[in-house]
Amino acid sequence: MLQRFTIIASATVLILLNTTQPAAAQETPESGCLPCHEGIEPIRETDSEMWRQIIARGKAIGDPDGCVVCHGGDPSATTKEQAHAGKAFYPDPGSPWINDKTCGQCHPKHIATQWNSLMMTESGKIQGTAWSFGSLEGYEHTWGNYDAENPDDPHARLGTEAYRLYMERLKAIAPNVYPDAQTTLPEAPTDLSTLADHPEQAAFTYHRSECQRCHLGVQGRQKRGDYRGMGCSACHIPYGNEGLYEGGDKALAGAKPGRPLVHSIQSTRKAKVTVNGTTYSGIPAETCTTCHDRGKRIGVSYQGLMESAYHSPYTEGGGGQVALHTKHYIAMQEDVHYQKGMLCQDCHTSIDVHGDGFLAGANLAAVEIECADCHGTPKSYPWELPLGYMDEFQAPPMTGEPRGVATELPAPLEQGTNYPAVDGYLITARGNPFPDVTRKGDLVTVHTAGGKDLELKPLKLLAITDELSVEARVAMCEVGKHVDTMECYACHATWAPQCYGCHINVDYSEKKRSFDWVAAGHKHQEPEHAADPGEQGYDTSFPGKVEEQRSFLRWEDPALGVNGEGRVTPVIPGCQTSVTVIGPDGETILKNHIFRTTPGTEGSGPEGQLGIDTSPAQPHTIGKSRSCESCHSSEKALGYGIGGGRLTRPWNEGAVVDIQTADGKVLSRNARYQVEPIDNLEADWSRFVSEDGKQLHTVGHHFKGSGPLSDEQRANMDRRGVCLSCHQEIPTQSLAVSILHHVAAYADALPKNHDQHAALINKTLLTAAWTQVGGVGLVVLLVVFTFWRRFGRKKAPACSVGSAAASTPKQSEPNGSES
């Protein structure tokens with residue numbers, strides 16, 4: 001829904017709204033750009049309204065080709081040096097440091113909101129890393145890449161009035177995640193003499209050199225798969241994995257990596273981009289994965305890529321798999337939406353991506369959509385649900401007036417591709433209309449940015465027409481708690497990336513240095529560097545070098561926990577940080593150290609909780625539901641760890657492997673640890689709650705309400721060992737069971753496969769139910785009959801005394817006389 005991605009502007013060409021011609025027409029010289037850039041692609045299709053406005057504006061300022069409308073420079077120059085001279089030449093017009101002069105000519109609201117957007121502040125990422133180094137911010141989200149604050153006027157928030165009121169409610173519930181202001185992330189340590197006393201300062205070396213390279217204020221790392229523009233250009237200008245230009249501009253032929261794939265804007269369906277003879281529309285998911293390949297890895301997961309520790313399979317000549325984002329991958333099943341041809345923007349709204357102008361400290365705080373917004377529930381169509389459904393934040397399931405549909409779009413959304421409303425635009429959980437999701441009777445149409453019109457049957461319609469599978473009907477209709485208390489993706493995430501243990505080595509020895517991405521962004525604030533298209537040549541290095549390793553990787557059946565909304569959700573390893581810090585003289589200041597959180601937090605006492613985090617996540621790997629057994633019969637799903645946490649030895653003990661006696665006494669004096677101990681990690685990385693309910697490390701750190709499943713939830717969910725309920729009596733422990741078993745064995749009727757076993761259990765259930773119902777019914781009949789016999793027959797003669805007396809023959813006295 002890239003009408004949502006309305007910053008149609010990145011290395012782009014946004015035109016002034018005022019395109020009126022000068023009063024007196026004058027001859028304009030030929031542009032000085034095209035003689036050098038012969039063959040370059042038009043930034044938009046030449047029959048588009050945007051292109052017409054560019055040309056009109058270009059002519060008005062002396063450039064008939066319109067190049068300077070976005071790129072600035074001197075259109076009358078005849079040499080490259082003259083044309084590109086001065087501070088008003090913009091190689092990347094989408095750069096946030098100058099896009100108020102380019103993109104902002106037509107999209108001023110989005111340019112204003114960019115500074116408070118999560119893609120610019122990255123405050124959630126900052127808070128998460130700070131949390132793992134001793135909860136340096138606690139639950140607050142007060143640090144960002146730059147100083148930022150909310151507008152004074154609450155009506156400055158983009159979106160509908162219903163959305164604005166809804167967000168004020170959320171801010172009141174979780175003010176720590178919706179701050180009023182943020183300040184720049186603290187500097188990395190340069191005076192290393194204090195490092196031994198305050199090793200937690202290494203967090204800022206880690207932050208600034210590794211975590212913060214993806215924010216929109218910098219071009220970021222120039223590695224395969226990471227090439228992108230800045231600001232608007234990061235999303236709206238296409239870059240290939242190799243960073244090579246493949247368009248027709250002869251001046252860029254053979255250019256070094258770091259160039260756009262072509263000189264065109266990608267945005268909504270109406271913006272067409274042609275590359276090597278193929279025309280497409282929308283923003284490809286691969287554009288999003290230039291950043292969304294770390295952390296929760298939602299971008300690469302959506303594509304079906306799971307990080308691997310290995311370089312296999314081999315390439316031609318025996319080489320290893322080529323690195324992407326400096327990593328290697330296994331090809332997994334893609335998200336079903338991806339398989340249907342849906343791009344990220346087809347679900348995520350403009351506000352999800354650009355922000356609404358106000359600060360939010362985490363993805364869950366910023367994203368306004370829920371699965372039910374399009375799919376509804378088996379009992380309600382999407383338009384019958386109240387606002388806030390599935391977005392309750394610790395409240396019971398939302399009730400209230402139906403949200404209905406919208407018939408009009410807010411002005412900023414009309415700048416994208418407009419679709420007929422038909423029976424109305426669907427509305428998000430927080431009150432904004434989807435500009436490309438419409439109602440048609442009882443059906444939903446998703447108009448994708450890539451050009452498809454996908455028709456969707458909501459769950460209620462599937463229930464009415466009996467098209468739900470048995471599993472779906474049982475899970476959603478018969479067990480109502482699933483829909484009322486769980487995120488849809490708790491079941492429908494088919495896999496999730498799980499990188500257990502994040503071992504960080506921050507080495508300050510031998511004058512090792514790293515690049516400071518936050519300082520590089522701030523350098524763009526200097527007037528002479530505002531128009532720089534990247535950070536090449538910037539000297540923003542500081543002491544220290546960071547190296548990362550993992551303990552192990554998994555993808556299958558993620559554990560379950562509770563997210564900030566209070567709903568059951570998949571949880572995966574977040575910042576499970578074990579820190580080693582090497583001082584400037586090579587001394588080990590910390591070795592495999594796990595910091596603790598503030599005392600009393602996350603189910604802890606005065607010592608604080610272990611600061612390794614298992615984090616609530618929407619894995620973006622949606623498909624058919626995981627099996628019932630994968631949750632109800634799984635120690636891992638309950639939070640007890642892979643194999644109940646019993647498969648690994650205690651991590652705080654380490655492991656020495658050398659020649660030893662049969663009873664384990666090591667013989668060699670030179671024996672060393674094969675696996676170094678991690679001092680305070682007794683349980684496995686995957687085990688975050690014990691069977692008696694003790695929390696073992698943190699589960700979520702943005703919202704105070706996130707955590708492991710409660711004791712009651714785990715008790716309700718736990719169905720481990722139910723097979724023994726039957727098999728402890730089979731074949732000889734009960735006379736009745738023994739007789740049935742032997743008869744079935746003699747008749748060759750014992751179940752031999754899954755279907756036969758399931759049929760037997762179903763038969764047993766129905767037999768037991770009808771037997772009990774019949775038994776209860778018989779008891780009721782006996783009670784009624786007894787009551788009637790005792791009381792009903794005595795009353796009957798009394799009701800007919802007269803007739804009874806009349807019909808009774810007269811009795812004679814013994815002497816024959818009448819009585």
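Here is a short walk through some local features of this structure, which is a predicted model.

1. **A small open sheet.** A good place to begin is the sheet of 3 strands, which is open, has mixed pairing and follows the order β1-β3-β2. The edges are taken by β1 (143–144) and β2 (148–149); each has a single partner strand, so one side of each is left without a neighbour in the sheet. To follow one pairing in detail, look at β2 and β3 (residues 181–184): these strands run antiparallel and are joined by 2 bridges. Within β3, Ala 181 is the residue that stands opposite Glu 149.

2. **A negative patch.** Glu 149 turns up again on the surface, where Asp 147, Glu 149, Asp 152 and Asp 153 form a negative patch. One of these residues, Asp 152, belongs to the loop between β2 and α7 (161–173). Is Asp 152 buried or exposed? Asp 152 counts as exposed because its relative accessibility is 82%, and the cut-off for that word is over 50%.

3. **A hairpin.** Further along the chain, strand β10 (residues 443–447) runs antiparallel to strand β11 (residues 453–456), and 4 bridges join the two. If you would like one pair to find on screen, try His 447, whose bridge partner in β11 is Asp 453. The two strands form a hairpin with 5 residues between them. In the turn sits Gly 451, with a positive phi of about 115°.

4. **Two residues with positive phi.** Most residues other than glycine have a negative phi. Against that background, Asn 276 deserves a look: its phi is positive, near 50°. Asn 276 lies in the loop between β4 (272–275) and β5 (278–281), and it counts as exposed because its relative accessibility is 57%. Glu 510 also has a positive phi, near 55°. The loop that holds Glu 510 runs between β12 (498–507) and β13 (513–515). With a relative accessibility of 67%, Glu 510 counts as exposed.

5. **Two cis peptide bonds.** Which residues does the peptide bond with omega of about -5° join? They are Ser 312 and Pro 313, and the bond is cis. Pro 313 has its place in the loop between β6 (305–308) and β7 (328–331). Another cis bond runs from Ile 730 to Pro 731, with omega near 5°. Pro 731 is also a loop residue, found between α24 (723–727) and α25 (735–746). As a reminder for anyone checking these spots, most peptide bonds are trans.

6. **A nonpolar patch.** Val 470, Val 474 and Val 479 make a nonpolar surface patch of about 220 Å². Of these, Val 470 is found in helix α17 (residues 470–478). Val 470 counts as exposed because its relative accessibility is 53%, a value to set beside the cut-off of over 50%.

7. **A buried salt bridge.** The structure holds 33 salt bridges. Among them is the pair of Asp 293 and Lys 327, whose closest N and O atoms are 3.3 Å apart. This pair links distant parts of the chain, with the two residues 34 residues apart. Asp 293 sits in the loop between α10 (285–288) and α11 (298–302), and Lys 327 in the loop between β6 and β7. Are the two partners buried or exposed? Asp 293 counts as buried because its relative accessibility is 1%. Lys 327 is buried as well, with a relative accessible area of 11%.

8. **A salt-bridge network and an exposed pair.** Asp 718 and Arg 720 form a salt bridge, with the closest N and O atoms 2.8 Å apart. Asp 718 is partly exposed, with a relative accessible area of 24%, and Arg 720 counts as partly exposed at 33% relative accessibility. What else do these two residues join? Together with Glu 635 and Arg 646, they are linked in a network of salt bridges. One further salt bridge to visit is that of Lys 752 with Asp 748, where the closest N and O atoms are 2.7 Å apart. Here both Lys 752 and Asp 748 are exposed.

How values were computed: Residues are numbered from 1 along each chain as its sequence is written. This is a predicted model: local features need pLDDT of at least 70, side-chain atom pairs count only at pLDDT 80 or more; totals for chains, interfaces and linings use all residues. Side-chain values use heavy atoms; hydrogens and water are left out. Two strands pair if DSSP finds at least two bridges between them. Patches are made of residues with over 30% relative accessible area and no salt bridge: like charges are joined within 9 Å, nonpolar side chains (Val, Leu, Ile, Met, Phe, Trp, Tyr) within 5 Å. Accessible areas come from the Shrake-Rupley method with a 1.4 Å probe; for residues, only the protein chains shown count as cover. A salt bridge is a side-chain nitrogen of Lys or Arg within 4 Å of a carboxyl oxygen of Asp or Glu. Lys and Arg count as positive and Asp and Glu as negative; His and the chain ends are not counted. The place of a charge is taken as NZ of Lys, CZ of Arg, CG of Asp or CD of Glu. Buried means under 20% relative accessible area, exposed over 50%, partly exposed in between (1.4 Å probe, protein chains only).
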